[in-house]
Amino acid sequence: MPPKRNPSTSPRKRRRRERPKVPYSALTHGPTPAERRQQVEERMRQRGLAPIEDFDRYLEEVSDFWPQDETCDEFLVWLRRLRREGSS
């Protein structure tokens, strides 16, 4: 029977197999950002929606959504209280 070789004294060095380097491998699958945008725009057209062109006008149209004298903190307090009352 031949003698066993000790890998640490072997004249050959073992090379680690390197993985191929692909930057952002998650992006290699599926549509590109430009293609995703095109899909979103197509779905918007199908539903009769259009991008907001005049943001200031949009804000005027929806300005009554949030009372001007109410802060975000007051809203969060109200929301937590509402959730606590609903859970009991």
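Guide: A residue counts as exposed when its relative accessible area is over 50%. Keep that cut-off in mind. The model here is predicted.

Visitor: Is Phe65 buried or exposed?

Guide: Phe65 has a relative accessible area of 67%, so it counts as exposed. Its place is in the loop between α2 and α3 (72-87).

Visitor: Which residues form the nonpolar patch on the surface?

Guide: Phe65 is one of them; the others are Ile52, Phe55, Tyr58, Leu59 and Val62. Together they have about 590 Å² of accessible area.

Visitor: What share of the protein's residues counts as buried?

Guide: Buried means under 20% relative accessible area. Of the 88 residues, 1% meet that description. The protein exposes about 10,000 Å², and carbon and sulfur atoms supply 52% of this area.

Visitor: What pattern does the protein follow along the sequence?

Guide: The pattern reads α-α-α. The count is 3 helices and 0 strands.

Visitor: How many residues does helix α1 have, and what is its reach?

Guide: Helix α1 covers residues 33-46, which makes 14 residues. From first C-alpha to last it reaches 20 Å, close to the 20 Å expected at 1.5 Å a residue. Gly48 follows α1, with a positive phi near 80°.

Visitor: How many salt bridges does the structure hold?

Guide: First, the general idea. Side chains of opposite charge can pair when their charged atoms come close. This structure holds 3 salt bridges.

Visitor: Which residue pairs with Glu41?

Guide: Arg37 does, with the closest N and O atoms 2.9 Å apart. Both residues lie in helix α1, 4 residues apart, about one turn of the helix. Arg37 counts as exposed because its relative accessibility is 59%. Glu41, at 29%, is partly exposed.

Visitor: Which side chain meets Arg45 in a salt bridge?

Guide: That of Glu42, at 3.0 Å from N to O. These two are 3 residues apart in helix α1, so about one helical turn separates them. Arg45 is exposed at 51% relative accessibility, while Glu42 is partly exposed at 34%.

Visitor: Where do Glu61 and Arg57 lie?

Guide: They sit in helix α2, 4 residues apart, separated by about one helical turn. Their side chains meet in a salt bridge of 3.4 Å, N to O. Arg57 is exposed, with a relative accessible area of 52%.

Visitor: Which residues form the negative surface patch?

Guide: Glu53, Asp54, Asp56 and Glu60 form it. Glu60 lies in helix α2 (residues 55-61). With 62% relative accessibility, Glu60 counts as exposed.

Definitions and conventions:
Residues are numbered from 1 along each chain as its sequence is written. This is a predicted model: local features need pLDDT of at least 70, side-chain atom pairs count only at pLDDT 80 or more; totals for chains, interfaces and linings use all residues. Side-chain values use heavy atoms; hydrogens and water are left out. The expected span of a helix is 1.5 Å times one less than its number of residues. Patches are made of residues with over 30% relative accessible area and no salt bridge: like charges are joined within 9 Å, nonpolar side chains (Val, Leu, Ile, Met, Phe, Trp, Tyr) within 5 Å. Accessible areas come from the Shrake-Rupley method with a 1.4 Å probe; for residues, only the protein chains shown count as cover. A salt bridge is a side-chain nitrogen of Lys or Arg within 4 Å of a carboxyl oxygen of Asp or Glu. Lys and Arg count as positive and Asp and Glu as negative; His and the chain ends are not counted. The place of a charge is taken as NZ of Lys, CZ of Arg, CG of Asp or CD of Glu. Buried means under 20% relative accessible area, exposed over 50%, partly exposed in between (1.4 Å probe, protein chains only).
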